[in-house]
Amino acid sequence: MRVLHVTEAFGGGIQSAIANYVDGLDDVDHSLYSRARDAQSTWAWPGGSGHEVYAGGLVGFFVRLLAKVREEKPDVVHLHSSFAGLARALLPPGQAVVYSPHCYAMERRDVRVPVLWAFALAEFLLARRRQSTAAVSLREATLSWRLNWRTPRILVLNPAPFGMDHAQRPRDTGTDEIVMVGRISPQKDPHLFAEVARACTDRPWHFVWIGDGEAEDRADLEDAGVEVTGWTQPDLLAERLADATLYLHSGAWEGGPVSTVEAASLGVPVIARDIPSMRSLGYPVAGDGPGQLAAGVTRFFTDRSYADDVARRSVSVASAATRASMSASLLDAYTSAIERTSRGRPRAR
Amino acid sequence: MTEMLVATSGGHLTQLHMLRPRIASGTDVVWVTDATAQSTSLLAGERVIPLPNRPPRAYLGVLRDYLTLCGAFRRERIEHVYSTGAQMALSAMLAAKTFRVPFSYIESGTRVSELSATGRLLDHVPGVGRYVQYPFAANHHWKFALSVFEGFSVVPAVPGQDPPRVIVTVGGNAHYGFERLIRQLHSVIPADWSVLWQVGPSDVGDLGIQTVKSLPAARLRDEIAAADLVISHAGTGSILTALSLGKRPIVVPRRTAHGEHIDGHQNDLASYVASEGLAMVREADAITLEDLQESRRYRVLAAPESVPVQL
């Protein structure tokens, strides 16, 4: 089977997800077509697979995509995120398509309601063509169902990158660290994280943000006493995560974040902001505002049974997100997409 | 005052029976279901109005059942109607509407990220109480109030010394086999372990093991209750049966890519129970002996009291 991955924004979590998919289905012939995105590179594209980077504008990006599909005739075109998802309106009806929203645009909380309605309308119209959805959370699968109940939805959880044996790693630090990983951007809501840190200034806890981004928000974090590390190499990130006492996820909207499952698989308990996707993934949630999240953090450090429950639930989330499950689900998604078209069975490699 | 509980036999009835203490705590209850070995055994001693189990989209039959239920509404004072589906819920909803009785529909726990055909129809009917069993699936039309998966907790257990008794069940009424699971388990389960293989239509005659296609529900419950370990496909009924009998099952989702199912229902449910810690979830060809040993170290406790909810 030949799969062409397409993304307009190759970086961050989408890059990690695509790398996982390529690693997880090694008997599938993967190739990648993308536009570059600066300063967010995390994991490298696995060697040995074709990767074409388009350097021009959006129109040219899609024109080249159509030509590439005609030339290479992939069994499946796997579109990653909203912009690449627009190609569903352009690709020929007989082309098998898998769409990974990696968080639907209408989940955003930083735009006005009319804009959200416009996003929802666009997704609704694009959901009319035959396709399969690869959802990274049950929340995302539910939204896909609401857009078109006839579209097959396959839950493809982002896998835990570390074995659960890492969870036994002894902590190196004497100070309790509360960490968050991600780009400093409205989606991750650094302001909320800073407010929680401010609410806990009289506590002996050290708040850490691993990542970088918008300067004004970074300054707000630092003003609240949060250590901002900037971007780090994956192995250093894992070490810093493993040394944390608690992972506090302040994201305002999410598909299925990789950083939280990374933390959980390292044995770091996770408390998340109460948003639908995090709840659907099974993470312990502690409210939507700074006061509620600060209370959740405080309870974690003062109530042993609550801390044990948070730790147990975090381990359960990581246990559910196995690489074997991701691979099997992804194969289901490709199979269902091919069956939804008139192109018949995939070619043998 | 009488409360009417409506569910087609099988998983729908199992779920409504489990939810009954929370939604209809009164003793005056009348059940509406089809007559099968399961419903007869589960509802022994209860008042039951039998309806036929009709095929999907049997709309004339829905109207006939509506007329039957109208007779019941005339005979006694029904206060509230609850249903977990399937199509039988439509007849009950029409009768409840006719007699101006509140009707609450609880979507099946099998539907983790979507609605059933009955749910889709009821989505457009005004004045119906609509409930999903997963909080993340709620919206302005569908509320979350309760779930069949609530009230279970997993606690450590000490495995026995003797070779364990294992129940392997892939659903007695399944239309598809699950040969990958049976073959993998056959290769990893030690020879001195005692295994009940309930394999449905799986073609595993070449393995030289004694199998049974399907077991009566009561017999399967007895076997699971006495077992040390339960390994099951990711069917709602199988998982709930194991949990309610104190077992933390190993759950294995069927896969469409292998022709074991037609959609991703089982994957959704498997993911949910795994993230809740209620089961160990594995892919069929990835189960190891260590997984089996690990799973024996846990058991499931059910909450001693049910918390009533007002629907």
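Tutor: pLDDT is the predictor's confidence in each residue, on a scale from 0 to 100, and since this is a predicted model, that score is a sensible place to begin.

Student: What does chain A average in pLDDT, and where does pLDDT stay under 50?

Tutor: As a general idea, where pLDDT is low, the predicted coordinates should not be read in detail. In this structure, chain A averages a pLDDT of 91, with 90% of the residues scoring at least 70, whereas over residues 343-349 of chain A the score stays under 50, and the model has 10 contacts beyond four places in sequence for that stretch.

Student: How should I read the crossing of helix α1 and helix α13 of chain A: roughly parallel or roughly perpendicular?

Tutor: Angles of 65 to 115 degrees count as roughly perpendicular. The axes of α1 (residues 12-24) and α13 (residues 323-339) of chain A come within 9 Å and cross at roughly 85°, and α1(A) and α13(A) are therefore roughly perpendicular to each other. On the α1(A) side the contact is made by A:Asn20, A:Tyr21 and A:Gly24, and on the α13(A) side by A:Arg323, A:Met326, A:Ser327 and A:Leu330; by class, these residues divide into three nonpolar, three polar and one charged.

Student: Which element gives the largest share of the side of chain A that touches chain B?

Tutor: The contact between the chains takes 30 residues from chain A and 23 residues from chain B. On the side of chain A, the elements that give two or more residues are α5 (138-147), β7 (153-155), α10 (276-281), α12 (304-320) and α13, and the largest share, eight residues, comes from α13(A). By class, this side of chain A has 15 nonpolar, nine polar and six charged residues.

Student: In what order do the seven strands of the open sheet in chain B stand?

Tutor: In general, strands of a sheet pair through backbone hydrogen bonds, either parallel or antiparallel. In chain B, the order is β3-β2-β1-β4-β5-β6-β7, and the pairing is parallel. Strands β3 (47-50) and β7 (143-144) of chain B stand at the edges with a single partner strand each, so one side of each is left without a neighbour in the sheet. Within the sheet, three bridges join β5 (residues 103-106) to β6 (residues 129-132) of chain B, and the bridge partner of B:Tyr105 in β6(B) is B:Arg130.

Student: How many residues does the contact take from each domain of chain B?

Tutor: The domain assignment gives domain 1 (2-144) and domain 2 (153-301) of chain B, and their C-alpha centres lie 29 Å apart. The contact takes 11 residues from domain 1 and 10 residues from domain 2 of chain B.

Definitions and conventions
Residues are numbered from 1 along each chain as its sequence is written. Chains are lettered from A and ligands numbered from 1 in the order in which they are written. This is a predicted model: local features need pLDDT of at least 70, side-chain atom pairs count only at pLDDT 80 or more; totals for chains, interfaces and linings use all residues. Axes are lines fitted to C-alpha atoms, for helices over the stretch in contact, and angles run from 0 to 180 degrees between N-to-C directions. Helices (H or I, at least four residues) and strands (E, at least two) are DSSP runs, numbered from the N terminus. Angles under 35 degrees count as roughly parallel, over 145 as roughly antiparallel, 65 to 115 as roughly perpendicular and the rest as oblique. Two residues are in contact if their C-beta atoms, placed from the backbone, lie within 7 Å. Ala, Val, Leu, Ile, Met, Phe, Trp, Tyr, Cys and Pro count as nonpolar, Asp, Glu, Lys and Arg as charged, and the others, Gly among them, as polar. Two strands pair if DSSP finds at least two bridges between them. Domain bounds come from an automatic or database domain assignment.
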